[in-house]
Every structure is written in structure tokens, then in C-alpha cells.
Amino acid sequence: MAEQAIKKQAIVPAKPILKWAGGKTQMLNDLLPKVPSSYGRYIEPFFGGGALFFALQPENAIISDSNPELINMYRQVADFPDEVIQCLKQYENTKEMFYNVRSQTWEALPKAEAAARTIFLNRTCFNGLYRVNKKGEFNVPYGKYKNPKICDQDALYVASDALKKAEILCGDYILVLEHYTKEGDFIFLDPPYLPVSEYSDFKRYTKEQFYEEDHIELAKIIARLHERGCHIILTNSNHPMVHELYSQFTIDVVATKRYISCRGSSRKGEDVIVTIPPKQKTLIKLMPQPLPKQVAAYPPTRFMGSKSKLLSEIWSVASQFKVDTVIDLFAGSGIVGYMFKAQGKSVISNDYMAMSATFAKAMIENNSVILPIEEAKELLIERKESDHFVAETFQGLYYKDEENDLIDILRTNIATIQDQYKRAIAMAALIRACTKKRPRGIFTYTGERYNDGRKDLQKSLAQQFLEAVDAINKAVFDNGKQNRAKRGDAMELRVEQADLVYIDPPYYSPLSDNEYVRRYHFVEGLARDWQGIEIQQHTLTKKFKSYPTPFSTRNGAADAFDRLFKKFAGSILIVSYSSNSLPAQDEMVAIMSKYKKHVEVIPVNYKYSFGNQSKARTHRNSVQEYLFVGY
């Protein structure tokens, strides 16, 4: 008979023995891709119909359920399939036989016959339900099916082979999860769904109940299993409590059908799949250390997303690797690339914004050239008539008329500077001056509604420009290495392989936008001299269209990270990302793990300069910054 079972297994895939309300057969296409490629044991403590188990047919498994009748059936099919099949062949699909068999007490029957009874009732009762009354008696009515397959002999033999490889337990899920799980195990959890009611799935299968506090307890256990190093997949309904309990993990919503509802309108629903990877063991230690004094020479900015407050942490991680060349892929304010330059690294600074590339040209690529103050003063004097572009286009929006005129004079004079580094210093100084003369340093509004009387706002634009030139001059230094500033799409950046790539892209969050151009369009326009862009004249702020970025949507961000990690798979990767952004932590780890053998996550408490202010009710600007490290 064993030989027969082997032959059948070659042509018949394993499938659930029972029809099971809440079974996961319809979700297999969504579940199977999330199963880890390798794991220790397969553990499923809310076994029910076992759709995922039978689809995987794991070589080493622990399956369990608190329903003793169900567990008896699986044990008998595993160990005595012939006896169960012989008993099943005695049954007929008649109402009289159904109610006669239903009236039996399964505990009083021989175990194989009790298992056959369970299968028979499941196949012939209404909708394949398993429901018991307060006395534990099966009470689902006859299903009136014309030709149900009571004894699927081939399927039972294949299922028997799969079940033989498993240890089959009857007991509480907590006992199984606390005492049988080990590091590296894969655990599939399909608990009773929320919302809890007297008609919940769990009560249909047992005399017990599963309350909201049980879901909270399960979440606590899952957190411990995550720490233990287990890979976990959890299914539940698309309920707010599920999202709250597992917010730090990836939650995918899947449309499903509810086969047991008597109302057609309620037969459609949404389930969620929560994917919880094992917590990585950390080899990298976060030990912030003093930075070279040169780093402090970099002119401070209020640039959105600037990592000036995280430099010690970033260097703490990077310094644990031997690297000579570094790419700062999304340079932004340029402070991270400058920090690496101060640490003696050869730096390539890249950003898609011209203003960022200008900063990098002036202070990272440039090793020795300064713009003497006397030459800077000459730039304030009109030598030839400008095109009056700023004065005419932005009149009354951001600056006084005389300030707009001075900006036009500076634009015109800067364009005539022959030395590329002096030109970059002058333009960077003009950008800095315009930003410091602007309340909040952004251009998403007009007028001076946020003018708080700061000293910077009281200084003249000319004074701000000269002070910015002086500050940038002081930031220029030679680290003995060749450094480069580039402006372009990170996906298309063509460089030699670097030892380390630092990635700090726009953060995607459904709670806020990540449009840098919307905030800085005026100074970005200055850096580009408004070439190759079209100002949206209908807008109050006269902004131009934001650069296209894949990081503006959740799926786009995930795909972009995948492409970047693949592109720089040969380099050490350090990624800055926020805990309130998407992709979530575990999804980021999963994406990076496709290309790096070791992936670690270092959380850093951080408070953003932009976002909700300190008096905001949600305090969403106080978050954890994650440093994802792949090596």
C-alpha cells in the first residue's frame, strides 16, 4: 500500500482533506511567495484545514489544533489510511445515514471510524461547516448535495504521506509556540478572525472562544518569536486592531470570498497577510564617536531631510568597514558626503536637484579654490543690464523689489565667472542667502506670514550673500583625494564600483509628501537659471513641475529600492529611512536580503526639523530613523 501511495503522489498533489470555513486554499497564490526559501521546521498551531501545509508538504513539521476530533482524524489518516478508507466506503450520501452518523459520539467509536465519521460529516453537511453545541455535539444540518466525494482515496493516500512527516499535537497554541519553536523555524498562524463575536470561526470549530485579549496575547508571543529568530506569516481579517498590533511589519490586504455567509452581499471580504521576518542578529554596534572638526565648517542648512544630526551615527556604522570610495547617492544638503570627505574618503556626491549638485561642486569636489570676498563684492555691482527675470516673474511673492533686482544682478554676474568652482561658490552663496532671507527657508507660500523676526530676516540680502561666501570659503579643504559632484538620476548614475553607497532617498509616507522641488523651487530655479523647466503660471507660488521620482508611491519606492540594491550589489549599502515611511522595516530587509548576505537594522531616535511641530497632537516628527546596512 505504501508503494501505491508513492505512485499516487507523483500524479496527485496534496490538498486539504476537509472543506474548511476560513480555509486558506483561495489565498495560496498570495501566501506561497511569502514563504521563506529555507527554514528549520514548519509549525502551524491553528491547523484547521491545513491548506498551506498540504501545498508545501514540508519534510519536518509540527501541526496542532485544540480540536481533539480534528486531531484524531489527521493522526488516523497519517498512520492508518487504509482503515479510514475502508470505513468511509461504508457511508452513503443519504439524509437518514447523515443524521444517524451525526448522532454518534465520536469518542465512543474506534479511532479510525471516528476519523471517517469526521470526514463523512464534513463532506455531506451544509457548507462543510464544523460546529458544535454547548455539549460538544456536532449540530450542522444535512447539506443535500447530489454527489459529494465522500471517499477520495487517492487524495487520502497523498495526504497521509504528507502528514507522516509531521508531529501532530492536540493542545493550546500558546504551549506549541512557547515550547516547540526554535530559531530558524517557519510559523504559519491562522487564528480566529477579528472582529470577535459569538459566530466567530473559532467557536464554530470548538466549544471555546477567542477574545480580543487573546489577539493581544498572540501579538506579544509573535514579538518574542520574532526576537527568537523565527519567520512568521499571520492571516486575519482586514481589521483596525490587526493593523495596530502589527504596524511595524508588512501588511498586505487580499480580497477574499466568505463561503459560509447566508447573505450574498457579505460573501466578499478582505483578509490581511502579515509577514514577520526573523530579527537579524546584529554584528554592527552603534557607538557614536567625535567627528573631525572640519565637519563643523560645513554651512548649516534647514534643508528638508538633512542628516546633519545623524552624522555621528552614520559614521559609527560606516567606520566598521574598510572603505576608500563612497557614493552619496541622494546628496540633498551635501552634509553626509562632506562628512565622508572629512574622514579622508574619495566621495562621489549625486543628486537630481541642481542646487544640491551646486553645493557639492563648491565644497566636496572643490579641494582648493575659494572666492575672495573682494571678488564677491564685485558681483553685487551691476555691470550690464540683466534680463530682469526674477523681478518680473516673482514680483511681490518672496522678496522686496530691490531684493529681486539684486538677485537678477547676481545671476547675471555669476554666469560670467570662468572658474567653475568660483561660479559654484557664488551660486551656492546666492541660494543660501535667498533661503536664509525666507521665513522657514521654503517657497510653498508667498508673503511673510511666518516672519518671526529672526536676525537672519533682518539682514540685507547683500550681507547674507557675502556671509554665505565667507562660510563656503571656510568649508573648502583638500582631503588629498579626488572627489566629484554629479547631478542626475540615481538609477542612471554611471560610476566605477564604490566601496560604500549611502542612500538617503525621498521618504514615502501616506501621511505627507516628499516633494523637495515644491519646497525649494525658487532656489532650484536659480541653480538651473530656470532652463529646461516650465513655470506653472497658474499657481500662486509660480512653481514648476516636480521632477519625476519613483519614491512618490509605495509600490514605486519598493521597486526603486530593489533596482538600486541590485545596481550597487557589489558595494556596502547604508540606507537611511524613517520608521513612519514605506516600505516598512521588514519589507526593506527582505528587498536588501536579495542582494546582500548580511542585512542589519540600526534604529536611531530622531526628530525631524520639518513635519508636525512640537505642539502637534500626533508628534509624527518624533520617530525612529533606521539605518539599513547590507554587506
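A cavity is a set of grid points where a 1.4 Å probe fits but cannot get out. In this predicted model, three such cavities of 30 Å³ or more are found, and the largest of them has a volume of about 160 Å³. Its lining is made by 20 residues, and those closest to the centre are Phe-330, Ala-331, Gly-332, Asp-504 and Tyr-516. Sorted by class, the lining of the largest cavity comprises twelve nonpolar, four polar and four charged residues.

The second largest cavity has a volume of about 80 Å³. Around this cavity lie Lys-15, Pro-16 and Ile-17, together with Ile-119, Arg-123, Lys-149, Ile-150, Asp-152, Ala-155, Leu-156 and Ala-159. Helices H7 (111-124) and H8 each provide at least two of the lining residues, with H8 giving the largest share, three residues. The lining of the second largest cavity has no polar residues; seven are nonpolar and four are charged.

Helix H8 also takes part in a helix pair. Spanning residues 153-164, H8 packs with helix H4 (residues 68-79) at an angle of about 100°, and the two axes are 7 Å apart. Angles of 65 to 115 degrees count as roughly perpendicular, and H4 and H8 are therefore described as roughly perpendicular to each other. On the H4 side, the contact is made by Tyr-74, Val-77 and Ala-78, while H8 contributes Leu-156, Ser-160, Leu-163 and Lys-164. Five of these contact residues are nonpolar, one is polar and one is charged. Leu-156 is thus worth a second look in the structure, since this residue of H8 appears in the contact with H4 and also in the lining of the second largest cavity.

Turning to the pockets, the second largest has a volume of about 1100 Å³. This pocket is lined by 37 residues, of which His-231, Pro-277, Pro-278, Ala-590 and Ser-593 are the closest to its centre. Two or more lining residues come from each of helix H11 (212-228), strand E6 (250-257), helix H24 (585-593) and strand E13 (599-607). Helix H24 gives the most, with six residues. By class, 13 residues of the lining of the second largest pocket are nonpolar, ten are polar and 14 are charged.

A last element to find in the model is helix H13, which covers residues 311-318. Because seven of its eight residues are buried, H13 is largely enclosed by the rest of the structure. The buried residues of H13 are Leu-311, Glu-313, Ile-314, Trp-315, Ser-316, Val-317 and Ala-318.

Technical notes
Residues are numbered from 1 along each chain as its sequence is written. This is a predicted model: local features need pLDDT of at least 70, side-chain atom pairs count only at pLDDT 80 or more; totals for chains, interfaces and linings use all residues. Side-chain values use heavy atoms; hydrogens and water are left out. Axes are lines fitted to C-alpha atoms, for helices over the stretch in contact, and angles run from 0 to 180 degrees between N-to-C directions. Helices (H or I, at least four residues) and strands (E, at least two) are DSSP runs, numbered from the N terminus. Angles under 35 degrees count as roughly parallel, over 145 as roughly antiparallel, 65 to 115 as roughly perpendicular and the rest as oblique. Contact means heavy atoms within 4.5 Å. Ala, Val, Leu, Ile, Met, Phe, Trp, Tyr, Cys and Pro count as nonpolar, Asp, Glu, Lys and Arg as charged, and the others, Gly among them, as polar. Buried means under 20% relative accessible area, exposed over 50%, partly exposed in between (1.4 Å probe, protein chains only). On a 1 Å grid over the protein atoms alone, a cavity is a set of points where a 1.4 Å probe fits but cannot get out, and a pocket is an open set with protein on both sides within 12 Å along at least five of seven lines; lining residues have an atom within 4 Å of a point. Grid points are joined across faces, edges and corners, and a volume is the space filled by probe spheres set on the points.
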